[in-house]
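Here's a quick briefing for anyone meeting this structure for the first time. Take a look at the model, then read on.

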Amino acid sequence: MPKILIAEDDADVRAFLQDELTEAGFTVTGVDNGADAVVAAVEGAYDLYLLDMLMPGLDGIQTIRVLKKVTPDVPIIGLTGYVGLGYMAQASAYGVICLAKPVVMADLIREINEAIAARSAE
């Protein structure tokens, strides 16, 4: 089962994503901020990171920068409810797809499967 690390500061959204992705066959770990995501990434092996873009402390872009240094081969997908703030463009500059919230679970699962398959093909 592919392992996914979710960093999402909204507890309800994090729980929803964990439940849906677990039901879809993934092993999911959730944290509520970017700093904890970096710690979890260093301490464990994940197949994909799913990051909220607007979190307290390290935001999604700052977290992407660090994760790309410590685990450069792990794909990242971003999520944002603030489409107009430029997070999608900033994430794209790091090769990260950023989806708008509320996310359509079928789209998210497709993106996750494609990212993990692309990594496996490398």
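At the heart of this briefing is an open sheet of 5 strands in the order 2-1-3-4-5, with parallel pairing. This is a predicted model, where local features need pLDDT of at least 70 and side-chain atom pairs count only at pLDDT 80 or more, while totals for chains, interfaces and linings use all residues. Residues are numbered from 1 along each chain as its sequence is written, and side-chain values use heavy atoms, leaving out hydrogens and water.

**The sheet**
- Strands (E, at least two residues) and helices (H or I, at least four) are DSSP runs, numbered from the N terminus, and two strands pair if DSSP finds at least two bridges between them.
- Strand 2 (27-31) and strand 5 (97-100) are the edge strands, each pairing on one side only.
- From one strand to the next, the twist averages 20°.
- Helix 1 (residues 11-23) packs on the sheet and touches strand 1 (3-7), strand 2, strand 3 (48-52) and strand 4; contact here means heavy atoms within 4.5 Å.
- The direction of helix 1 makes about 170° with that of strand 2, using lines fitted to C-alpha atoms (for helices over the stretch in contact) and angles from 0 to 180 degrees between N-to-C directions.

**Strands 4 and 5**
- Strand 4 and strand 5 run parallel, joined by 4 bridges.
- Ile 77 sits opposite Ile 97 in strand 5.
- To get from strand 4 to strand 5, the chain passes through helix 4 (residues 87-93) in a right-handed β-α-β crossover; that means the path from the first strand over the helix to the second runs clockwise with the strands pointing away from the viewer.
- Thr 80 stands opposite Ala 100 in strand 5.

**A cis bond**
- Pro 102 is in the loop between strand 5 and helix 5, and the peptide bond to Pro 102 from Lys 101 is cis, with omega near 0°.

**The largest pocket**
- A pocket is an open set of points on a 1 Å grid over the protein atoms alone where a 1.4 Å probe fits, with protein on both sides within 12 Å along at least five of seven lines; lining residues have an atom within 4 Å of a point.
- The largest pocket has 15 lining residues, with Val 74, Pro 75, Ile 76, Gly 95 and Ala 115 nearest its centre.
- Strand 4 (76-80) and helix 5 (105-121) are the elements giving two or more residues to this lining.
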